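This report looks first at aromatic side chains and then at the way the domains meet. The sequence and the structure are shown here for reference.

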Amino acid sequence: MREFPVYNIQHYINGQFVDGVAGKTFENISPFDNQPINQIAEGFQEDIELAVAAAREAFDNGPWRKMTVQERLGYINKIADLIDENAEEISYLESLDTGLPISQTKKQAARAADNFRFYAQMVNSRLVGEAYKVDSEFINYTVHKPVGVAGLITPWNAPFMLETWKVAPTLATGNTCVLKPAEWSPLTANKLAQIIDQAGLPKGVFNIVHGFGETAGASLVAHPDVQLISFTGETKTGSEIIKNGADTLKRVSMELGGKSPAIIFEDAELEKALDAVIWGIYSFNGERCTSNSRLFVHESVIEKFTEMLKERVQNIKVGHPMDAETEVGPLIHRKHYNNVSYYINLAKEEGAEVISGSIPEEFKAGNYIAPTLLLNCNNEMRIAQEEIFGPVMAVIPFKTEEEVLRMANDIKYGLAAFIWTNDLKRGHRLAQSVDSGMVWINSHNVRDLRIPFGGSKQSGIGREGGHYSFEFYTETQVVHVAIGDPHIPKFGMKKQVAASSAEK
Ligand code: NAD
């Protein structure tokens, strides 16, 4: 494995890497051994002020909005090429920072480059308006314009991919932005700033302020010159952001938490379903918003399926994040480790049987949680209702389709659902009734970039991806033009002229 140097990190504001105004830094800690990795500039309101001012100036008076779409998309494609060129370093930094296995962060780096290429292509084909000739006197037409300065706030679980998922459509549609990355995973956000700097984007178009949610994040949300907030993170943070953005009437996109069900019917292809649910909960160290953390298994196959699960769980390779063979690495942070451990203890108190894999002795200093199965659960337990966000899956038996549908929907979240059955009618029927933004039938968490992503209930507001991102990051403006005599009603005249039939 090739290693790359790591330096202390500054903010990126108005095309410059700069220290924070207050000169403060915070320590970035390794999930592998809880030792410091580097120091990160800590941003506060005054840093946000500078970054938003730079983004505002770049939007109002810089070349970004005035250049042709082709020129702008040239920059977007250049960023994609640079991500590809730096993919090895990006996946190294991501694994170092988050503990995600290197084989998984490599795929994320490739997906990040795809995000830029995809949105460049999509904007190119979608920047078309509608035109309506209204009798012979008027034409009405629409144009899509960028919204303004975007505030982008991202979590630590798949940092680089999720940052690019927001930055790419923001920039491709002509906005400028300030990114506030998660404080536990700043390394690849800094790499993105370096890449954007190298791509030569006009200064102020893209800015980063590092720091904590309650200070830097909250200041970005409250800033009157920021028109929209695209947020991915916990449900309770999303709710806080909506409240704080209300005074300045922010347009918001919310990608929030989940506790998604996978449902295995008796007629499912059990081996395939097994591969899918094991991957769905234990890849990404279980820190995946769409993970199938509630597994419903039909009572007639639960014994057999549980044996299959137990065998796999014991054999999952827990290891060093940089080892190409590793399937599960350490959790992001000690605080998160403590939280996941709390839920495993709670599972015992609530009466579940806990089955875990093992952690090699040499990794005990890290935030490792062995892949864990919680057996004999019911849907009312807290461990089945609350998002644990770790490699922990609650297994719940069911008897009938009606019963499993009721349990699947009996939760505040509605992000994803996975249905395993060979009865196509049943698969589609259930998909119609399950409360979730996304449903997979007989497949795992794969999706095309053209498809919307997002959740219902407390898992989110709105959709991003495909043309949904285009709509979120653009303003549709209507232009009404008179091409003949507009027949304007003459008020205040002695004799009124009859209004045109096209009057609105
Ligand atoms: P988090 O909500 O704690 O933090 C996310 C970001 O919000 C961070 O950058 C943080 O600094 C910032 N923040 C915190 N408080 C803030 C405030 N008051 N104002 C503004 N910003 C604030 O989430 P996390 O722990 O980083 O991420 C894990 C969560 O993200 C899980 O709930 C997971 O399900 C969710 N998630 C959802 C999706 C999705 O697409 N639905 C994808 C990935 C992760």
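## Aromatic pairs

In this predicted model, tyrosine 12 is buried, its relative accessible area being 4%, whereas phenylalanine 17 has a relative accessible area of 29% and is therefore partly exposed. The structure holds 17 aromatic pairs. Tyrosine 12 and phenylalanine 17 form one of them, with ring centres 4.7 Å apart and planes at 45 degrees, an angle that makes the pair tilted because it falls neither under 30 degrees nor over 60.

Phenylalanine 118 and tyrosine 119 have ring centres 4.9 Å apart, and their planes stand at 80 degrees, so this pair is edge-to-face. Both phenylalanine 118 and tyrosine 119 are buried, and ring pairs join these two residues with Trp165 and Phe453 in a cluster.

## Charges over rings

Two arginines are placed against aromatic rings: arginine 288 lies over the face of tryptophan 279, 4.4 Å from the ring centre, while arginine 334 has its charged end over the ring of tyrosine 337, at 4.1 Å from the centre of that ring.

## Domains and their interface

The domain assignment divides the chain into domain 1, which comprises 11-256 + 459-480, and domain 2, which covers 261-441. The C-alpha centres of domain 1 and domain 2 are 31 Å apart.

Contact between the domains involves 25 residues of domain 1 and 32 residues of domain 2, and the area buried between them is about 2,400 Å², with carbon and sulfur atoms contributing 63%. Between domain 1 and domain 2 there are 0 salt bridges, but 12 residue pairs are in polar contact, counting pairs with both residues at pLDDT 80 or more.

How values were computed
Residues are numbered from 1 along each chain as its sequence is written. This is a predicted model: local features need pLDDT of at least 70, side-chain atom pairs count only at pLDDT 80 or more; totals for chains, interfaces and linings use all residues. Side-chain values use heavy atoms; hydrogens and water are left out. Rings of Phe, Tyr and Trp (its six-membered ring) pair if their centres lie within 6.5 Å; planes under 30 degrees apart count as stacked, over 60 as edge-to-face and the rest as tilted. Buried means under 20% relative accessible area, exposed over 50%, partly exposed in between (1.4 Å probe, protein chains only). A charge sits over a ring if NZ of Lys or CZ of Arg is within 6 Å of the ring centre and within 35 degrees of the ring normal. Domain bounds come from an automatic or database domain assignment. Contact means heavy atoms within 4.5 Å. Buried area is the accessible area (1.4 Å probe) that two parts lose on being put together, summed over both. A salt bridge is a side-chain nitrogen of Lys or Arg within 4 Å of a carboxyl oxygen of Asp or Glu. A polar contact is a pair of N or O atoms within 3.5 Å; within protein, one must be able to donate a hydrogen and the other to accept it, and residues adjacent in sequence count only if both atoms are side-chain atoms.
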